[in-house]
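Trainee: I should like to learn how a structure of this kind is read, feature by feature. May we begin with the model itself?

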Amino acid sequence: MLAGKAEGQVRVAPAETPDGKTNSEGQLRPLVFTSQVTADFDGASFDRIEISPGNIQEGGTLVSGTASLSLDRHISASADLSAVSLDLDELAGARARNLLREGGVLSLAGGLLALIPEDVSLSAAMRVTSLTIGGERLDNAAVVVDADRNAIRLKELSTSLPGRSRVLYEGVFFPGTAG
């Protein structure tokens, strides 16, 4: 350990309920986050991130990558993640899928914006070689976003299509009034 700096490994795992369960039926599936971390008073960097199922019998690493956190007057966090194969239908339980169907993606986005504190900005990139969502398989999917309390800036939402073509969407989501 160096002066003013900490290095080590972090592991975040689901907590068990008194009856020994780690997730409620229909909720998001429990995941385990591990990473090498280096931190000082100005921030932290997370290298060799691995996100895997809470139950080791369900497979190995789902997502890997790096992330950083800057702690200044303005807090910023960034992540660069990737996965070879990711099945969001399997990870999201029935309750999570119903929430998306009932409230829609825009309602979910508005709720996420409301959770971001003032003076915090987020930046993330996620690339997946084979993504399953809504029962459909998408190849070479990518999403790149920047967000703060005022807006989600979708810099890239893309995937490959048959015939060697690719679809790309860019846009900005601003929160509206409820109702």
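**A surface patch, then the strands**

Mentor: Let us start at the surface of this predicted model. Leu69, Leu71 and Ile75 make a nonpolar surface patch of about 200 Å².

Trainee: Where does leucine 69 lie, and is leucine 69 buried or partly exposed?

Mentor: Leucine 69 is part of strand β4, residues 63–70. Its relative accessibility is 31%, and leucine 69 therefore counts as partly exposed, since that class covers values between 20% and 50%.

Trainee: How many helices and strands does the protein have, and in which pattern do they follow one another?

Mentor: There are two helices and nine strands. Along the sequence the pattern reads β-β-β-β-β-α-α-β-β-β-β.

Trainee: Which overall values describe burial, surface and contacts?

Mentor: Of the 179 residues, 23% count as buried. The protein exposes about 12200 Å², and carbon and sulfur atoms supply 56% of that area. Among contacts with a separation of 6 or more, 41% are accounted for by residues 24 or more positions apart.

Trainee: How should strand pairing be read in the N-terminal strands?

Mentor: One looks for the bridges and for the direction of the two partners. Strand β1 (residues 5–12) runs antiparallel to strand β2 (residues 31–40), and eight bridges join them. Within this pairing, lysine 5 stands opposite aspartate 40 of β2. On to the next partner: β2 also pairs with strand β3 (residues 43–53) in the antiparallel sense, over nine bridges. Here glutamine 36 faces aspartate 47 of β3.

Trainee: How many residues does the hairpin between β2 and β3 pass through?

Mentor: The hairpin joins β2 to β3 through two residues.

Trainee: What can be learned from single residues within β2?

Mentor: A general idea helps first. In a regular strand the side chains alternate between the two faces of the sheet. Now take serine 35, which is found in strand β2. Serine 35 has a relative accessible area of 1% and is therefore buried, the cut-off being under 20%.

Trainee: Which residues are in contact with serine 35, apart from its neighbours within four places in sequence?

Mentor: With those neighbours left aside, serine 35 is in contact with Gly8, Gln9, Val10, Phe46, Asp47, Arg48 and Ile49. A polar atom of the serine 35 side chain lies 3.0 Å from the backbone oxygen of aspartate 47. In addition, the C-alpha atoms of serine 35 and arginine 11 are separated by 6.7 Å, although these residues are 24 residues apart along the chain.

Trainee: And is threonine 34 buried or exposed?

Mentor: Threonine 34 also lies in strand β2. Its relative accessibility is 18%, so threonine 34 counts as buried. Leaving aside neighbours within four places in sequence, threonine 34 is in contact with Gln9, Val10, Arg11, Arg48, Ile49 and Glu50.

Trainee: Do strands β5 and β6 run parallel or antiparallel?

Mentor: Strand β5 (residues 75–87) and strand β6 (residues 120–133) run parallel, joined by 12 bridges. Leucine 86 stands opposite leucine 131 of β6. Strand β6 has a further partner, strand β7 (residues 136–148), with which β6 pairs in the antiparallel sense over 11 bridges. In that pairing leucine 131 stands opposite leucine 138 of β7.

Trainee: Which residue takes a positive phi in the hairpin of β6 and β7?

Mentor: Glycine 134 does, with a phi near 60 degrees, in a hairpin that has two residues between the strands.

Trainee: How many salt bridges does the structure hold, and how is one read?

Mentor: The structure holds five salt bridges. For each, one considers the distance between the charged atoms, the positions of the partners and their exposure. Arginine 127 forms one with glutamate 156, and the closest N and O atoms are 3.8 Å apart. Because arginine 127 lies in strand β6 and glutamate 156 in strand β8 (residues 151–161), the pair ties together parts that are 29 residues apart in sequence. Arginine 127 counts as partly exposed, at 40% relative accessibility.

Trainee: Which other pairs can be described?

Mentor: Arginine 137 and aspartate 139 meet through their side chains in a salt bridge of 2.9 Å, N to O. Arginine 137 is exposed, with a relative accessible area of 56%, whereas aspartate 139 counts as partly exposed at 27% relative accessibility. Aspartate 148 forms a salt bridge with arginine 153, with 3.8 Å between the closest N and O atoms. Arginine 153 counts as partly exposed, at 33% relative accessibility.

Definitions and conventions
Residues are numbered from 1 along each chain as its sequence is written. This is a predicted model: local features need pLDDT of at least 70, side-chain atom pairs count only at pLDDT 80 or more; totals for chains, interfaces and linings use all residues. Side-chain values use heavy atoms; hydrogens and water are left out. Two strands pair if DSSP finds at least two bridges between them. Helices (H or I, at least four residues) and strands (E, at least two) are DSSP runs, numbered from the N terminus. Patches are made of residues with over 30% relative accessible area and no salt bridge: like charges are joined within 9 Å, nonpolar side chains (Val, Leu, Ile, Met, Phe, Trp, Tyr) within 5 Å. Accessible areas come from the Shrake-Rupley method with a 1.4 Å probe; for residues, only the protein chains shown count as cover. A salt bridge is a side-chain nitrogen of Lys or Arg within 4 Å of a carboxyl oxygen of Asp or Glu. Buried means under 20% relative accessible area, exposed over 50%, partly exposed in between (1.4 Å probe, protein chains only). Contact means heavy atoms within 4.5 Å. A polar contact is a pair of N or O atoms within 3.5 Å; within protein, one must be able to donate a hydrogen and the other to accept it, and residues adjacent in sequence count only if both atoms are side-chain atoms.
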